[in-house]
Amino acid sequence: MGMTIGEKIIAKAAGVKSVKPGDIHTVTLDRMMSNDGTTHLTIDMYYNQLKNPRIADKDKIVFIMDHNVPAENPKTAEAHKKMRNFAREQGIKLYEGQGVCHQIMMEDYVCPGELIFGADSHTCAYGALGAFGTGVGCTDLLYGIVTGQSWVLVPETIRFNLTGKLPKGVYPRDLILTIIGDIGANGANYKIMEFAGEGAHNLSINDRIVLCNLCVEAGAKTGIVEPDDKVIEYVKSRGRNVEHMFISDDDAVYEKVYNYDLSKIQPVVARPDFVDDVIPLKDLGRVKIDQAFLGSCNNGRIDELRVAANLLKGKKVKEDVRFLVAPASNEVYLQALEEGIMDTLMEAGAQIMNANCSVCWGSCQGVIGENEVLVSTGTRNFKGRAGHPSSKVYLASAETVTRAAITGYIESQEEM
Amino acid sequence: MSKSRVWKFHNDVDTDQIIASQYLLLPNIEEMKGYTFESLDPEFAQKVQEGDVIVAAENFGCGSSREQAPSVLKALGIKAVIAKSFARIFYRNAINVGLPVLVCKELYDDVEELEEVTLDLSEGSIAYGDRQYACTKLPELMQTILDKGGLINYLNNSEV
C-alpha cells in the first residue's frame, strides 16, 4: 500500500519502512519550537517536576518571543526573563522581537521532510515547505526536549486537488477560508490536509504558508503542499540543504478527496465568532468597522504589505478607523522599508507595530473595546479573541482589510 | 462512586474561551484558574466545585495549543470532560496533564446543566438516571499516560 507525504515523514521519523493510519509510533523529532505563550510553564516543569532534567539536543530547539513582545507588564517581563535566562544557561537559540515564530522558522529552519513540534497551533504552516509541522502543548514539548522523541498516532490524509489560478483580487487567504467554511471547524480533525495538483504548484511559497497555516482551523494535525522546485529554490536561497522531498505514492490511500478549481474562488469573509462561518464578501452587506489589522503568521508577509500599499497609495485611512500593521518578521519589515511600503502606509495614517503576534491574539497590542468591530488578517475570530468579549472580529484578505481601512466598511467592490 | 455535577457547553468551544490570551503569561496555573470560561460565564470559577464534570457537544477545545486550557480545568477540580468530540491538541494536552477526556456521543443530548452523573473512569462509563453510557476507549499508550497522572509522571516513572 502506498503512503501519503505525511505518512512518509512519520515513517522516516519513526525509522520504519511504512506506517498506516491508526498506528502509534515513537518518533525522533527533527526540531522543536517554543514561544513565550507557554515557555515559562515548560521551564517550571523542567526544574520542578522532572526526576532527571536534561536536554537531548539543544541544537534542535528554538525559543522565539513573539506573543507579548515587548513585555506589557511586570508579570510578562518575569516570564520573558525566565525564558531568556533558561536559553542562555542551556545554550538554546533565542529570538526576541525578531518576528512571529512561524515566520522565523520558515526563514531560518524548516526543511522538507522534517517532523517539527511547535508549542503553538499554527506550526502546521511548515507544510508549505514539505515538512510535517504540528502544534503541541508545553508538556509534549518538554518530553521532546528531554528525550528528543515523542509519539504520534498516524492520522488519515485528506487530499485537496487544486486546479487553475486564483482570479485577480482573490488570494490564498480566500481559498483556505473557503475550504474551512466548506468542511467545517472539525472537518479535518486529527487529519492531514494535503494540497496537490497544478493549482497548488502555481502557488508561491508565501501563498502556501497562508494555506497550510490555517489548516488547524479545520482541526487538522497539519497541512502539507506537495513540495516541488519552488521549495528547493526557497530552501537553498536561505542557505539550507534539501535532503528529503516526499511525494505521495500513486496508490496512497486518502480518507477523502476534494477538488477545488482556483479560478472559481471569490473573496470571502469569516464572520464572528467562528472561523468556519464563511460567506462570500458580496453577500455580507456593509459592516462598519472600528479597527483594521494587517499582520500575523498567516498574512503579514511582504506580499500582503504590497497589496495594502498599492491600495493605499495617495489615499487616507478613514478618520474614525485605526489601521494597525505588524510585519510578520523584521526581515519582512526591512524589505517593506526598502520598497517604500512603510512610507506609503504611514503617510496614509496607518500605525506600524513591531514584528510580533500583535492584534491577532488579543493580549498585548491593539486590543479592541466593548462592542467594537475589527476586520483582520489574523488567524482567528473567536469570541473576545482580540479584546472585550462583546467585540467582533471578521477575518478577510489583505485587500478586503485595507479597503475597509479606507472606507470604514467591510464591503465588496460591487458595493463600492 | 461519588456523583458529579454537570456543566454544559455548546459546539466548538475554543481554548480562548476556556482561558483567554491575556492571562496566559501569568506566573502559574493557580493565578490563571480564576479566569476560566470568563467570556462565557464570568462566575464559572466561583461556582464550580471539586468533582464536577464538563459535558460538551462537538469539537471541544478547538483553536490554540495552549496547555493552560486543560490545566485550569484540572486545577479547578474538574473530574473529567465528556464531549461528543474533541479538537486534537486539547485532547492530547488533557491526557498529558492528567485530565480525563471521554468521547460520548449521547450524554450531551440527554443531560441538563447541574444534573448529576456518576463516572466510572476505570471502565470509561457514565451513569445518568437509569441509563448507562459507554465511552470510546483510549489507545493503550494514552490510557497508560493518563493512568500515571500525565506525561511528566509517565516520563519520571520510565527513568531508571
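Two strands count as paired if DSSP finds at least two bridges between them. Helices (H or I, at least four residues) and strands (E, at least two) are DSSP runs, numbered from the N terminus.

The structure is a predicted model, in which local features need pLDDT of at least 70, side-chain atom pairs count only at pLDDT 80 or more, and totals for chains, interfaces and linings use all residues. Residues are numbered from 1 along each chain as its sequence is written, while chains are lettered from A and ligands numbered from 1 in the order in which they are written.

**Exercise 1. Describe the 7-stranded open sheet of chain B.**

Step 1. The strand order is β4-β3-β2-β1-β5-β6-β7, and the pairing is mixed.

Step 2. β4 (101-103) and β7 (131-134) of chain B pair on one side only, and are thus named as the edge strands.

Step 3. Neighbouring strands are turned by 30° against each other on average, direction ignored. Axes here are lines fitted to C-alpha atoms, for helices over the stretch in contact, and angles run from 0 to 180 degrees between N-to-C directions.

Step 4. Within the sheet, β1 (residues 3-9) and β5 (residues 116-120) of chain B run antiparallel and are joined by 3 bridges. B:Lys3 has B:Thr118 in β5(B) as its bridge partner.

**Exercise 2. Describe the open sheet of 5 strands in chain A and the helix α5(A) that lies across β2, β3 and β5.**

Step 1. The order is β4-β3-β2-β5-β6, with parallel pairing. Its edge strands are β4 (93-96) and β6 (132-135) of chain A, and the twist from one strand to the next averages 20°.

Step 2. β5 (residues 115-118) of chain A pairs with β6(A) in the parallel sense over 4 bridges. A:Leu115 stands opposite A:Phe132 in β6(A).

Step 3. Helix α5 (residues 138-147) of chain A lies across β2 (31-35), β3 (61-65) and β5 of chain A, and runs at about 135° to β2(A).

**Exercise 3. Analyse the side of domain 1 of chain A that touches domain 2 of chain A.**

Step 1. The domains of chain A are domain 1 (5-262) and domain 2 (270-410), with bounds from an automatic or database domain assignment. Their C-alpha centres lie 24 Å apart.

Step 2. 30 residues of domain 1 of chain A are in contact with 29 residues of domain 2 of chain A; contact requires C-beta atoms, placed from the backbone, within 7 Å.

Step 3. On the domain 1 side, α4 (101-108), α6 (172-183) and α8 (205-213) of chain A give two or more residues. α6(A) gives the most, with 6 residues.

Step 4. That side divides into 10 nonpolar, 14 polar and 6 charged residues. Ala, Val, Leu, Ile, Met, Phe, Trp, Tyr, Cys and Pro count as nonpolar, Asp, Glu, Lys and Arg as charged, and the others, Gly among them, as polar.

**Exercise 4. How do α6(A) and α8(A) pack?**

Step 1. Their axes are 9 Å apart, at an angle of about 25°. α6(A) is therefore roughly parallel to α8(A), a class for angles under 35 degrees.

Step 2. A:Pro172, A:Arg173, A:Leu175 and A:Ile176 in α6(A) meet A:Asp207, A:Val210 and A:Leu211 in α8(A). The contact has 5 nonpolar, no polar and 2 charged residues.

**Exercise 5. Which helix supplies the largest share of the side of chain B that touches chain A?**

Step 1. The contact takes 36 residues from chain B and 45 residues from chain A.

Step 2. α1 (15-18), α5 (88-97) and α8 (151-158) of chain B each supply at least two residues of the chain B side. The largest share, 6 residues, comes from α5(B).

Definitions and conventions:
Contact = placed C-beta atoms within 7 Å. Parallel < 35°, antiparallel > 145°, perpendicular 65-115°, else oblique.
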